[in-house]
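Please open the model in your viewer and keep the sequence panel beside it. The tour below moves from the whole chain to single side chains, one selection at a time.

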Amino acid sequence: MVTRGVGRSIVIEAVGDRALLTVVGDSGLDIVTLRRELHRSVRELEEVLRGDTPA
């Protein structure tokens with residue numbers, strides 16, 4: 001989800017079904033590049049959260 005306000009942008013991405021990643025940027029934030037780069041970070045965070053799950 002992306003929302004824009006006066007001088008701010010907020011991007012929220014689901015990290016699996018356990019967490020949300022929220023990025024707050026200023027008016028110069030390149031949303032297209034950020035969303036493309038977020039995919040790797042989200043995958044890495046999903047792995048961390050999977051390791052945190054009791055067996």
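What follows is a series of selections, each with a note on what is there.

**The whole chain**

Begin with everything shown as a cartoon, and bear in mind throughout that this is a predicted model. The protein has one helix and three strands, and, read from the N terminus, the elements come in the order β-β-β-α. The radius of gyration is 13 Å, well over the 10 Å that the globule rule gives for 55 residues, so the protein is more spread out than a compact globule. If you turn the model along its principal axes, you will find that the C-alpha atoms fill a box of roughly 45 × 15 × 15 Å.

Now switch on a surface, which exposes about 4,200 Å², with 53% of that area supplied by carbon and sulfur atoms. Of the 55 residues, 16% count as buried. Among the contacts with a separation of 6 or more, 31% are accounted for by residues 24 or more positions apart.

**Helix α1**

Next, select residues 31-51, which make up helix α1. Why is a distance of 30 Å between its end C-alpha atoms what one should find? At 1.5 Å a residue, the 21 residues of the helix should span 30 Å, and so the distance in the model agrees with the expected one. Looking along the helix, you can centre the view on Leu38, where α1 has a kink of about 30°.

At the start of the helix, show the side chain of Asp30, one oxygen of which reaches to within 3.3 Å of the backbone nitrogen of Val32.

Then colour Ile31, Leu34, Leu38 and Val42, which are the buried residues of α1. An α-helix has 3.6 residues a turn, so residues three or four places apart point the same way. Against which elements do the buried residues of α1 pack? They pack against β1 (2-5), β2 (8-15) and β3 (19-26), which you may want to show together with the helix.

**Glu13 and Arg35**

Select Glu13, which lies in strand β2. Is its side of the strand a place where this residue is buried or exposed? With a relative accessible area of 12%, Glu13 falls under the 20% cut-off and is therefore buried. Leaving out residues up to four places away in sequence, Glu13 touches Ala19, Leu20, Leu21, Arg35, Leu38 and Val42, and two of the names in that list, Leu38 and Val42, are also buried residues of α1.

Now add Arg35, which lies in helix α1, and draw the distance between the two side chains, since a polar contact of 3.1 Å joins Glu13 and Arg35. Arg35 itself is partly exposed, with a relative accessible area of 34%. Apart from neighbours within four places in sequence, Arg35 is in contact with Val2, Val11 and Glu13. The C-alpha atoms of Arg35 and Val11 are 8.3 Å apart, although their positions lie 24 residues apart along the chain.

**The start of strand β2**

Move to Ser9, found in strand β2, which is buried at a relative accessible area of 5%. With neighbours up to four places away set aside, the contacts of Ser9 are Thr3, Arg4, Val23, Val24, Gly25, Asp26, Leu29 and Ile31; of these, Ile31 is one of the buried residues of α1.

Beside Ser9, select Arg8, which is also found in strand β2. Beyond its neighbours within four places, Arg8 touches Thr3, Val24, Gly25 and Asp26. To see a longer separation, draw a line from Arg8 to Thr22, which is 14 residues away in sequence and 13 Å away in space, C-alpha to C-alpha.

**Last stop: Glu37**

Finish in helix α1 with Glu37, which counts as partly exposed at 43% relative accessibility. A line drawn between the C-alpha atoms of Glu37 and Ala19, 18 residues apart along the chain, covers 18 Å.

Methods. Residues are numbered from 1 along each chain as its sequence is written. This is a predicted model: local features need pLDDT of at least 70, side-chain atom pairs count only at pLDDT 80 or more; totals for chains, interfaces and linings use all residues. Side-chain values use heavy atoms; hydrogens and water are left out. Helices (H or I, at least four residues) and strands (E, at least two) are DSSP runs, numbered from the N terminus. The expected span of a helix is 1.5 Å times one less than its number of residues. The bend at a residue is the angle between axes fitted to the seven residues ending there and the seven starting there. Buried means under 20% relative accessible area, exposed over 50%, partly exposed in between (1.4 Å probe, protein chains only). Contact means heavy atoms within 4.5 Å. A polar contact is a pair of N or O atoms within 3.5 Å; within protein, one must be able to donate a hydrogen and the other to accept it, and residues adjacent in sequence count only if both atoms are side-chain atoms. The radius of gyration is taken over C-alpha atoms; the globule rule is 2.2 Å times the number of residues to the power 0.38. Accessible areas come from the Shrake-Rupley method with a 1.4 Å probe; for residues, only the protein chains shown count as cover.
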